[in-house]
Amino acid sequence: MDQFGNERAVVFGLPLVKKWDAYDPLKPSYYLDDDSLCCYYSATDHLVLAALQSVSGPERNRFAPLICGFNPTDKHGVQHVERMLECSDVWRGVGEVLLRHDDLTNLTNEETARANHPAMKPVYKLCEQRGLPVLLHQNSTS
C-alpha cells in the first residue's frame, strides 16, 4: 500500500465457496474451475477478522473491513450481520453483497439475489441505524 501511495483500504472476503463434489478428482481453487455449485460461506468474515487481528495496532486502522458472509436471499442474513457486529468493533460496513453476478449467480442453487429482496431490507435498516455503508455488486442485465 505504501509503495503506491494508498493510505487506507476497504477489505472483505468472498461470501461464497466452491463445493468440491464427490465426482471431482481435483479440489477446485476458483469458482469457475468446474460446474459444481457454490454456497454461501459465513466463515469468510471470521477469516477477514483473523487476518486483520494479525496486523499491528496502528497499521490495522488503515483497513476498513466489511461484513459479507451472508446469503442476501435469506431473511436470517441480518442475524449474521448483527452477530459479526457484536463480536468485534472493527467492522466499518456491509459488503460486497453479491447480487446479480453473471456466472457466479448461475452457480448458486438459490433464488437470484437482488437489491430489493425482502431479506436485504432488515440489513439496510440495521446499517442505517448504525451509520454503516452497504456495498452492493449488481451486474447489468436485460
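Buried means under 20% relative accessible area, exposed means over 50%, and partly exposed is what falls in between. By that yardstick Asp-2 is exposed, because its relative accessible area is 60%. Keep in mind that this is a predicted model. Asp-2 belongs to a network of salt bridges with Glu-59 and Arg-62, and the fold also has an open sheet of four strands. Here's the rundown.

**The sheet**

- The four strands line up in the order E1-E4-E5-E6, and their pairing is parallel.
- Strand E1 (9–11) and strand E6 (134–137) sit at the edges, each pairing on one side only.
- On average, neighbouring strands of this sheet are turned by 30 degrees against each other, direction ignored.
- Four bridges join E6 to strand E5 (residues 93–98), in the parallel sense.
- If you want a specific pair to look at, Val-97 has Leu-136 in E6 as its bridge partner.
- Helix H1 (residues 43–53) lies across E1 and strand E4 (63–67), and runs at about 165 degrees to E4.

**A cis peptide bond**

- Going from Gly-95 to Glu-96, the peptide bond is cis, with omega near -10 degrees.
- Glu-96 is part of strand E5.

**Salt bridges**

- Searching the whole structure turns up four salt bridges.
- One of them joins the side chains of Asp-2 and Arg-62, at 2.8 Å from N to O.
- Asp-2 is in the segment before E1 and Arg-62 is in the loop between helix H2 (57–60) and E4, so this pair ties together parts that are 60 residues apart in sequence.
- Arg-62 also forms a salt bridge with Glu-59, where the closest N and O atoms are 3.0 Å apart.
- The three residues of this network fall into separate classes of exposure: Asp-2 is exposed at 60%, Glu-59 is partly exposed at 35%, and Arg-62 counts as buried at 15% relative accessibility.
- Lys-19 forms a salt bridge with Asp-21, and the closest N and O atoms there are 3.1 Å apart.
- In that pair, Lys-19 is partly exposed with a relative accessible area of 47%, while Asp-21 counts as buried at 11%.

**A nonpolar surface patch**

- Val-10, Phe-12 and Leu-135 make up a nonpolar patch on the surface, and together they have about 230 Å² of accessible area.
- Phe-12 is in the loop between E1 and strand E2 (16–18).
- With a relative accessible area of 32%, Phe-12 is partly exposed.

Technical notes. Residues are numbered from 1 along each chain as its sequence is written. This is a predicted model: local features need pLDDT of at least 70, side-chain atom pairs count only at pLDDT 80 or more; totals for chains, interfaces and linings use all residues. Side-chain values use heavy atoms; hydrogens and water are left out. Two strands pair if DSSP finds at least two bridges between them. Helices (H or I, at least four residues) and strands (E, at least two) are DSSP runs, numbered from the N terminus. Axes are lines fitted to C-alpha atoms, for helices over the stretch in contact, and angles run from 0 to 180 degrees between N-to-C directions. Contact means heavy atoms within 4.5 Å. Patches are made of residues with over 30% relative accessible area and no salt bridge: like charges are joined within 9 Å, nonpolar side chains (Val, Leu, Ile, Met, Phe, Trp, Tyr) within 5 Å. Accessible areas come from the Shrake-Rupley method with a 1.4 Å probe; for residues, only the protein chains shown count as cover. Buried means under 20% relative accessible area, exposed over 50%, partly exposed in between (1.4 Å probe, protein chains only).
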